[in-house]
Every structure is written in structure tokens, then in C-alpha cells.
Amino acid sequence: MALLKYESQVRPPLVDGTKDYHQVTEDIVRPIEMKAGRLWWIGFLIAVGLLCFGIYSIYRDVTYGIGQWNLNKTIGWGWDITNFVWWVGIGHAGTLISAILLLFRQGWRTGVNRAAEAMTIFAVMCAGQFPIWHMGRVWMAFFVMPYPNTRGPLWSNFNSPLLWDVFAISTYFTVSLLFWYSGLLPDLATVRDRAKLKWRKLFYGVASFGWSGSTKHWQRHEALSLVLAGLSTPLVLSVHTIVSFDFATSVVPGWHTTIFPPYFVAGAVFSGFAMVQSLLIITRKVLHLEEYITLEHIDVMNKIIVLTGSIVGVAYLTELFIAWYGQNKFEGWAFMQNRVNLFSPLGWSYYIMMGCNVISPQIFWFRKMRRNLTVTFFMSVIVNIGMWFERFVIIVTSIYRDYLPSSWSTYYTPTIWEIGFYLGTFGLFFTCYFLFSKFFPVIALAEIKHILKKSGENYKETMGEAEHETVEEFAHEMEHAH
Amino acid sequence: MSEKKHWQTFGEHSNSEAFKQSSENEFHEDLQTEGLFDAKTPRRDFLKYLGFSTAAAALAASCEIPVKKVIPYVNKPENTIPGVADYYATTYVSGGDVVSVVAKVRDGRPIKLEGNELSSITKGGTSARVQASVLDLYDTARLRHPKQFDGNNFQEVTSFDAFDKLVAGAMAGLTGAVVLLTNTITSPTTKQVITEFLAKYPGSKHVQYDADSYSGLLLANEATYGKKSIPSYHFDQAKVIVSLGADFLGTWLSPIEFARQYATGRKIDEKNPDISKHYQFESLLSVTGGNADKRYTHRPTETGAVALALLAELGGSVTAPALDPKLKAGIQKAAKDLLANKGKALVVSGSNNTNVQIIVNAINEAIGANGTTINWAIPIQWRQGIDSDFNSLVADLDGGKVGALLVYGANPAYDYYDAEKFKSALKKTKTTISFNDRLDETTELCKYVIPAPHFLESWGDAEPKTGYFSLLQPTIAPLFKTRAFEDSLLKWSGSNTTYEDLFKKYWSDKLGGVNGYEKALQDGVVEPASSSMSGASFNSAKVAEASSAIVSMKKGSSFELALYQKVPIGIGAQANNPWLLELPDPITKATWDNYFIVSPKFAKDTWKIDLADRRQADKFEVHPDRDVIKIKVGGKELSLPVLIIPGTNDNTIGVAVGYGRQSTKAENTPDFIGKAVVGVGKNAFPFVTFNGSTIEWSALIDGTPEKLSETYKVAQTQTHSNYEGRTEVVQELTLEDFKKEPDAILKDRNEELKNYGGVKSYKEQGTLYSQYEQPGIHWGMSVDMNSCVGCGACVVACHAENNVSVVGKAEVLRYHDMHWLRIDRYFSGDLADADSIQTVFQPMLCQHCDNAPCENVCPVSATNHSSEGLNQMAYNRCIGTRYCANNCPFKVRRFNWADYTGADSFPDNQRGVVSDVTMMMNDDLSRMVLNPDVTVRSRGVMEKCSFCVQRLQEGKLKAKKEDRPLKDMEDVRTACQQACPTNAIVFGDANNKQSLITKTRQTNEGRLFYALEELHVLPNVNYLAKVRNTDEIEGTKGYKKEEAHA
């Protein structure tokens, strides 16, 4: 009897090329040890520029009031909360990859999880800006914190979905950050051990928390990963569910919809994976990591995109059906007139949403398209445009014409400062991402090494012969090997 | 211890004399003290000075020390308790308009006006303009001292004595006559002073000039009744009201009084429902037309023909020119109803054409209105000016026949149709003196200007109707160096008494002593014990002549221009009042501008904009950019943006007067007329035409209006005008249907809520949550949509009471208006048929829901529910997430998008962010109008209607102090309720079985509905459905069928 095959015959390898452990370390740590390239600097400076513009936009909003934006007496939330939900949604892919796929033992996640988790953290950081700075009196924002205080019996209102948001987002951020950082420890230690410069030794030495690679460390590390994965898993579902409650628990026709929680979660995973695609397609190219982030990864993620995109599509159609079937005059109006009617003032946004989120991702039913980098990159951008418009459609097209026709709003377009704030979060996101990609291993080094044992050309070369042997032969060989 | 000695030098070792010497003197040097102590600034002083000057410079340069202006009373004035308001009865006087009011004075500042309920004319009602007039007192453009024009500029005259000397010099040795030009003056004492003054100058005369002239009516009455005056009207006595273009609920004569009377006739008694029938024939949709049961439109030049046709239908021996068959049918219908209600009918006309008014008088004669709905026993005095008098004055001025012109109140340089002629004529006059509160268009052309006090700073009286007096008393010491017009005249006529003494004496004499005078002053009104009613003998001699004159009247073939007054602004006397400028016009919902009003058909023909097509309408209404057109009338041009208003006659283009106030040098406008009027609209007065004896508010447009390539943004507070058949929001039904099925609405409600056991158990059954007791007071409001005429008095009252911010045009354009209370206006009917348009006015304010959707979404509980059913805002707690506003189905919450109140920043921080008008409202002077009982909200905070919680609190405390229960409708009234001339708003404790609110809800069960009731938000504001005395409700046409299918 021949040995059982370690490597699946159906699944392609997770890492391409013949690599040994050292080669992996070299490939991934090299960008950290090299001087930053011109491209990096250009990108980084653009990102910092955007961030500065964003900070100035917020400065105006805080100094002169929310009137710096084009919100009005009817449209209380516009770009601000649209952007908030959009960024939170993007974060979801990271947690899904790191937590749920870990629990499901999906080996392919190792190639992308580090970057995806980093993206999650940065996206949540960006998302958090909006609920904070959209407040009219942001200097009083601490009122939402339920802590013992001297303001008498005043306490936060636990009925408010916005308060639930505060808890949901802050919990999510904390857990994601811990998860990401604990995964980084062995890799940081690797960088530390290779470091030749003094500051690098110091920085990575402190950052790696004295990781020695001892079995005890590894055992605790694995245990911690599992615990955090367990904690994160419900968060993947809960965060966007709670964000959707902002709308679902309201009385606004078009917001008050029971389908929102699952539909928001699906949409979040959808947009999150699209963002991961956008980032990794560039990252793997620039940092020459094509052999770690393989076409196989791209393919798998595109499958998730087409799946979640279709779930979202079904949700859209269900909403429409219910709007008709429910015979609620106001809800019917919100859907049929404000959205489906292309000629209504903001009707176009509904069709952008439908086109980008439901129709265009169907292209990924074709394997060839799933593995085409140009198409994938293009689609990942399209999907995120579509998902931005989904939130815009939900938020703005619902409230701009609701119950009382007398209050139906004038046309809503953002001001430069509203756009500036959004661009600023892009600046924040990419500033963080550029720093991350320069100073941290963008691929989970230790985890890649872990799967190297059972996948890849290297494995085939060394283990290929052994696989043909019988168990007895193999055992004999092993006995005499030392 | 070691005795070892260390030495450094041999000298030290040997301890030589030379060493001793040198070590003693090692550092010896004499101090250079010379000149140090006897210098002018000794060194220590220098340091002192240096320290002081550095500190002082640093202090002066680095930080601005905020100036705090709190001046405590050293001696408390008698009868004044800080924090407790005093109320003084006084009178609003503006031109000929007279309204008895009660001024609320807090800590020496009048801050709010209420209607005087003792007045039998207004019975406590007010208008938007009356409510806003308190702000005029604190207008930043008011003149602060007497001025003299030196040929280039106005120079301050330091004292009244100096001014009097100047005037005496100017009045001496005049060649021409002395003419006193005023608006209509109703005050008996002022008239007396004027007579005395005129007596001093032989050949002098007094000319009364009214820009909103009623000459036509006065002359017609003279021709037919032999009396050059206007009778009292009784709309409440009329079962059928026909108005030929008279906007009697908005701007015609005495709208407060008429609105109250009208509403009396429109009140529904559910047991025996019957209301008056109101026909309106007009060219533009007015507030009155919006309330009409049946409305017909015609060209402005057809007004006379319509009157003639009506007279003919009523059996008059006149023949009317041919009219449109539909219009004709309408006239026949109206005539039929009028004849069927002889003695209980009234016809009024807004025309200023004498002949038309003669025909209208004949009509009223034919329907027996004389002595029943028209009362000649009590003539009204609001308007006395005759147009031709002023025209001859202008001719006199032009001919140099006038030596001195004294102007008080009148502003012909702005509102006379031939203002240029007046201006050039004025230049030929040697002495020109103006009594005015600001350097308006006429005053800036005068040589001597003496600041006139505001009515709240003045003594005085007024006689709106013969025998009905209303008194003025100062409520504040004059803010500026002002002197009453009467005082000046007295002084210049050589009298030693002051006007105050004269006034006091006049009334003491008249009322039998000081006690009577003081009582009258306290009451504010002096009225006869009982009112009388009588007709006047009618002389039909002039009717035939008038009829033939009307037949030969020139008719327009192309477009015609109709000039009208807007309810907020009128003729523009209070044009610099930001509250009024920001008050949306009841019909167009536009603020801060005047514009052309055209019919949907005009728009369709000219721009191919078909508002009946939803796609186009959608696109049109969401953008504020409006096309600009240019019209020509007799060589004069006017270009303004266009608003498409349903119900406008297809051949008529409307434009409001009262806008476009501007100084001769435009850059002077903010200082002379006021900051708020800068750039607000254009002056349409030059388009008023003169027909040989009176002015007319219409003109024939030459050719077709020219469309210009530019657009202009018009700031409307409401852009969508159709209620889309949403009967959940608006309920209206015909009188016929209501009689047939008085409980139709109740049935509908029960049907809608049948899953919850109907209306009765909906509150408990409509929720999963358990109920809680709500004992004690439970505030509730009822708004009768049948009584509300949409005048907007409540909106301004709310502004004044609750310190609601003015945001300016730029912000209204961005939909940032702050009105806590707004009047939603919906049109329904066929846009192509102007006659079919029906209008609904729905006052919309916070509904104080018992299950408020705004409350549970606030993350910090800044908005919460009081035990008395109030939905309250804790501004200090608000962090400004705006979630509550999103979740408010009524969209009544208002957010402070910028620092509108100047509450939390230095003015420099506001500049450029908020408009100039907001800056003006934040001036220290304007801020005096703020109600100290109400917080001014800072930037970033949500606000909304509080049901005037400060008034509720005051009322409760009063009752508590007197140890008694609250008196319904007396202790607490909201500002909107109190301001309303028609009593459309009822407010009180709904838990009290005896209160009016409870009774109103019980007795009007058939009309009662709650807006969006099925949301289970449980509003504490209910509405009473609008009942129209007409055949069909246009608003639900087509929707009812749909529902039946479903």
C-alpha cells in the first residue's frame, strides 16, 4: 500500500515554485530590508496629501459646523454615513478570512490573511472617522460612553442603534487589532533576528514582544489564535448586522426593512473581498509576491465575490418584491419612485448599484475571467463603486422623499469638504497601508512556512518519491535516516 | 588630623607681607557709581519700567479681553421684578394699518407682541407683520440722531434745539406752500396737531398718500353712497362670499379681522354641518383664493367685465362684454348662490378702479348686503389717500409751487409709480424735511431728517374704525435720539406742550379724568359699548356710466402683468425685517425674493416644461435655478426669475411689489435702508399704471416676454406641491360628503386599525410594549384645517417667542431654514386648468409623539419624553448626530448647521460662513429682541418645537403659586395659538375632561385625524379635516379608485 497523498490532486498548490524556508523568508522580508522604492514614495506622498486634505476638511466641519456639507433639513445623513457603512463593510473580508476561514481550516487563507487583516483594521479606522466627525458637537462625543460621571442621572441611551454601533465597532476594532498583531509576532521576530541595523533591532525587538520561537510560545500562540478566531467569528456577522440596525429599526420607508442584517453582512463580505482583490493585485505585483498570492487565491476570492454579489442581488429583488407585496404606500413609493424610477432625481444611483453589484459580478461564473488579473482588478473597483452606491441608495434615496411630500428635498450633491473628508479617509487608509507594506511582512511568514510542508513544488520534489513507496518502505527509510 | 599645610605659592608658604597685600587687594576695583543714582531713570526704575511696559504691551497685543455687559440695578425700579415680564397694551401702526396689541416687556425690553383681546376688531388676532414689528424696533439701520444734508453727505445735528433752529431758518421766508405728506393717519390727536401746525402756515396743506391705494373704493363709495370712506364688512354674516380679486385673508384692507370673521363662517358644527360658500375670481392664486371653495381665473383687465357680468346675472340692467364660457358659467353659479342668499351674501373687489367698485356696490345692493354684511354705521379709516391728490402734489412740486415738503411715513420715491418724476420734482423744493426711522428712498433725498421713534417707543392713538380707538404707550425708553413727529410739529408751530401732555389731556378730557385715561391706557382700546349696524342709501346714478366705462376699457391681447402684495412683505414698509423676509410666501413658499409668477401652461409653451409630467416636474423642482424672463411695459423693462404656480391665469404674469428696496447709491443701501434688503428682489412699483383717476395694479405687457439665458436661484422652503393622494397626511372632503357620511374618516381610521381593535384600543394594541400610566397633565393640540387660512402669523410668532434663527437666503436655498412651525401648502387639481386648482394649508410642527421615533434613536437621550407628553430637547446634551431628524416622519426637526445665533463663537468666526443677515440678527442691538426664557441654540445642536415649554412652565408656576388648578386656555397658550387670527389652534391639557382640547376632540370626531396615525407614533397634535363647500376633492381624485381596487 502506497502512502496517502498529502497533497490534493484536485487542488492546485498554495505556493508556486520550488521554495525552501529560507527562500520564503527572503522573498517576504526582503522588501522590509530594502530601501523604499520610488513608487512607494510617490504612493505614500499622495496618500499623505489626501490625508492632509481630509484633515483640513474635518477642520472646516468642526470649526464652522456641519453646514460645510450639503446635508439639509430632510437629508440628515448623506455622504458621511454612506462612507461609514462602506468602510465598515470593507473591513469584513479581513475578519472573515482570518477568523472563519481559520476555523474552517482553509489553507489558502495564509497567502492573503495578513494583508486582509491589516486592511480590516485600517478600514475600520477610516469608518470610525465618520460617526465621530459627523456629529454637530464632536467635542461632546464622550457623552456616548457609559461611564460613571458627574453629569447626574444622564447616561447613554441603550435603545439607540447608534450606541450599539459604538460598542460593535469598538469591539470589532479591538479584536481585529489583537488578532492581527498576535499573528504578526513570530514574523516580527524573524525580521528582528535578521536585522542588522540598530534601530531595526530595537524596533522589531520591542514589537515582537520577546518572541523566541519556543514550543511553549507556539503552543500559546496557536491557542490564542483559536480563541480570537472564535471571538471574531460572531463579530463578522454582528458588526454589520448592528450597522444595519441603524436603518432597520427606524421608521423611514426604505430603511425599515427586516432583511437588512443578512443583506448587509453579505454586502460587506462582497465589498471586502473586492477591496482585498484591489489591494493584493497591486501588492503582489509591486512586491513580487506572485508565487505566494497565486492566481488560485484570486480565483477563490472571485468565487466568493460572485456568491455574495448574487446574495445581495437576491436581497435587492426581495426588497422590491416586499415593497410591492406589502402594499405599504410609503415603502412602495420609496422603492418604486425614488429608486426604480430611473427618471426620478436620484433614480440613476439605483441603477449604478444594480449594474455594479448584481449584473457585472456575474462575469465571474467564467473561470477564465476569474483568473484574469485585469478583469479582476477592474471588477474589484466596480464592485466597490457599486457597494458605495448601495449605501447611498439606502440612505439618501429613502430619506430625501419620505412621508410628507412638503419636506421632499432639493437635489443633494456633496460639497468639496464632504468629498474631501472621504478622500481624507482614503489618505488615511493608504498611508497606513503603505507603512504596513514597508515595515511589516505583508504575508504571514510563519503560516506560509506551515503550509509549505504539505503544498508546493518543493514538497512534490522531496515527497513525490516517498508517496510511491509503501508504508513499510517509508518507515524503514525513516528509521535509517538518522 | 594631619597638620599638613598646602600652599600654592612661595609667598603663601612664607606668608610674606607682599602676599598678604596682594591677596587682600586681589579683586579690588572701585565701583563705578558715578551718574547712576542721579540719572533720570535709575537702573532699578529702568527695570521697573521695562517690566511694566513689556507686560502692558503683551497684554494689549496678545489677548482681547471679552467685554461683559452685565449691569445690575443699583436701585430696583418700582414695579419691576427682574425675570418677570410686564405687559403693556399698545398699538401696531404702520401706514394706515392699525392693530391693537399687547407688548411683552422683559427687563425693560419689549420682546413679543400679542394681539389685544379687548379689541373687538381683531379679538386678539395678529398678522405676520404685526408679530415681526417688534424686531423693527431693534433694526440696526435705524437713524440714531437728527441729520442734515450738507450737499454731499448727511451730517449729524448735535441737538434737537440746533435742529429746530435749522428748520426755523429753512421754513422762514418760503415762497411756496408748506405741504405735509403722510400715509393715512387715523390718530385723532395727530390730526389735531397737524391742523394746528397747518394753521401756522397759511396756504399749507396735508396730503395723504397710500402706496396700496384704495382710492377706487373710496371714490366709488362717494359716487354711490355719498361718503368718501369705507364701510365695515361682516364676512361672518355672509353665507355666500364672492371675492373679485380681493385678497381679504391676506392683504386686503383688514385681513386679521376678515380672517377671523371668515373662519367663523367656516367653523363646522358636526351635528349640523354647514359652512359659507366662497367664490373667488382672480388672476393670480392668492391666499384667499387658496381658501376658496370655487375659484375662477381671468385676465386682470377682465375684472370689470366679471363684475359687470355678475351684476347682469343678478338682474342689473347692464350688459357685460363677452367672457370665456367657463368663466361665464362660474359667474352664473355664483350669482345663483348670491340670489338664493339675499341679505346673507357679500361681494368684495380688490380692484382700485372706481368704475369696478361702483359696479360692485351695485352688486352688493342687488344682493341686499348693504346693512347686513356691509355696515355703514362704522366706517373704517385704514385708507384715506386719494391717488389724484398726490399726483397734483407732484405736479405742484414740479412746478415749484411748494416751498417746504414735510414727509412722514410716506415713501413715494420708492413706491410711487412715477418715482423718477417725484424725485426730480423733489429737487425743486427748497425745504424738505423727513420724519423717518431710516434713510429710505425718499428720506435720503430730503435735506433735514429727524429720526422717528418706533411705535413701541411712542405715545399715541389710532382710530381704525370710527368710534373705535386704540392707544399707544411707550414700552421702552427711546433707544436713539428720536423725537415723535407730533412733538416736532408742536415745537415748530410754537407750542410749548409736548405731545405726551397733549395726548394725556385729550384722553383725560374725553374719558372724564385721569382714571378713565389710565384705564383706557391699560386696556389699550376705547370702544363703544355696543356696535351698531346700518346701511347707507344707494345712489345708482353712476352705475350706467361706470358700466359703459368698463365696456370700453382696454383689453389685453397678449400677456398682462398683475401686481400683488405678498402676505409677509406687503408694500415693503417693513422690508428690512429678516423674520418677514424669511417667512415663506403662503402660496409660492419662496423667501427672500420677488419673482414672476406664471401658469403651468406658460411654462409649457415657453420652456416645454410640463409639470404634469412627473419626470420633468421632478427635475424642475429639485433644483432652485429658475429661468429669468424680461418683460416690457411701455418702455420699462423688468427681468426676474420665474416660478410656475398652478392656479395662475394663463395670460397673466404676476409680480409682487414691496421688494427691490435700494438707495440712490446702491452701496448705501445696507446703512440707509438696512442690511437685510440688499439684493432682495426688484422693485415692481414702476409698473403700477395710472388710469386718469386712480392707480391700477395691472399693466399690459408689450409683446411676449423674452427669455434670458441666465438663471437665478429662488429659495423655496417647500418644493414638492402635491400630496400624492396621501390621505394619511392630509384629509379633505366635500361638505356634501361630510353631511352624507359624517363619520367617513372615523370609519376609515377604524378600518385601517382594525387589526388593533380600531381607534379606541390602537394605543395599547399597536405595540408589543406594556402600557404605563400617564397621570397629570397631558398636553395636546388640535389644528383645524378648516380655520387655518395659511397667513403665517403663527410662523413669525414662533420665531419671536422661541428665538428661532434667521438663516438668510443662501441657507434657505440649501434647505437649512430653521422654522419650528411651518405651513405646508399642497396643490391639487389639473395643472392645465387653473380653475380646478385646490390648495390646502397644513400647519406642521413637532407632533410631540407619545411613542416618538426620534427619542429612542438618540444615543445620548438628548431628546426624551416628559411626564406631560412633551417631546423635549436637552440642547446641552445634544451631540448632533441628526439621527432623530432622519427618523422623524414629519421632518420638523431643525439642525444648527452653522453658528446662526452667534452663541458660541466670535463674530469673525461666523463671517462668510453665515449670511450677512444672520450677522445682522446677531448684532447686539438685534439681540435685544431675544426671549430670555428660551436658550439660543448653539451650532451643531438639534432643535424643534417645544410647545412653548417656557410658557407652560410659567403658567403652571402661576397656578401653583395661587394654589389652584390650571385654567384652560388662559394660563397657558402657545405662541402660535395666541397669534392665530382664526383660532385654528386649540391647545391644552388633554387629560382634563373639561378642557377645550378634550371637547374639541370629542365634538369633532368626524373630522379628527392624526397625521401618519398608522405608524403608531401616537402624536399629541391632531388635525381636523378640511371641508370644502364644493363638488369634488381634487387631491384624492384617482387615488380613491386605486384603493377600491386594492
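Select Ile363 of chain B to begin: leaving aside residues up to four places away in sequence, Ile363(B) touches Ala307(B), Leu310(B), Leu311(B), Leu314(B) and Val347(B), where two residues are in contact if their C-beta atoms, placed from the backbone, lie within 7 Å. What you are viewing is a predicted model, in which local features need pLDDT of at least 70 and side-chain atom pairs count only at pLDDT 80 or more, while totals for chains, interfaces and linings use all residues. Residues are numbered from 1 along each chain as its sequence is written, and chains are lettered from A and ligands numbered from 1 in the order in which they are written.

Add Ile359(B) to the selection, since Ile359(B) and Ile363(B) have the most contacts inside the largest nonpolar core, a set of 434 residues. Such a core consists of buried Ala, Val, Leu, Ile, Met, Phe, Trp, Tyr and Cys residues joined through C-beta atoms within 7 Å; a residue is buried if 20 or more other C-beta atoms lie within 10 Å of its own, exposed if 12 or fewer, and partly exposed in between.

Now show the whole of chain B. It holds 36 helices and 42 strands, these being DSSP runs numbered from the N terminus (helices H or I, at least four residues; strands E, at least two). The radius of gyration of chain B, taken over C-alpha atoms, is 34 Å, close to the 31 Å of the globule rule for 1046 residues, so chain B is as compact as a globular protein of that length; the rule is 2.2 Å times the number of residues to the power 0.38. The C-alpha trace of chain B spans about 150 × 90 × 65 Å along its principal axes, and buried residues make up 57% of its 1046 residues.

Next, colour chain B by domain: domain 1 covers 226-380, domain 2 covers 556-716 and domain 3 covers 732-1045, with bounds that come from an automatic or database domain assignment. Between domain 1 and domain 2 of chain B, 18 residues of the former are in contact with 24 of the latter. On the domain 1 side, α9 (287-291) and β11 (294-297) of chain B each supply at least two residues, and the largest share, three residues, comes from α9(B).

Select residues 448-451 of chain B, which form strand β16. Tyr448(B) and Ile450(B) on one side of the strand and Val449(B) and Pro451(B) on the other are all buried, so to speak covering both faces. Strand β4 (residues 147-149) of chain B pairs with β16(B) in the antiparallel sense over two bridges, and Lys147(B) stands opposite Val449(B). Strand β15 (residues 431-436) of chain B pairs with β16(B) in the parallel sense over four bridges, with Ile433(B) as the bridge partner of Tyr448(B). Strands count as paired if DSSP finds at least two bridges between them.

Bring chain A into view: 43 residues of chain A are in contact with 53 residues of chain B. Helix α5 (residues 161-194) of chain A gives the most to the chain A side, with three residues.

Finish at two loops. Most residues other than glycine have a negative phi. Phe209(A), however, has a positive phi near 55° and lies in the loop between α6 (198-207) and α7 (215-248) of chain A. Leu1018(B) also has a positive phi, of about 55°, and lies in the loop between β40 (1008-1009) and β41 (1021-1024) of chain B.
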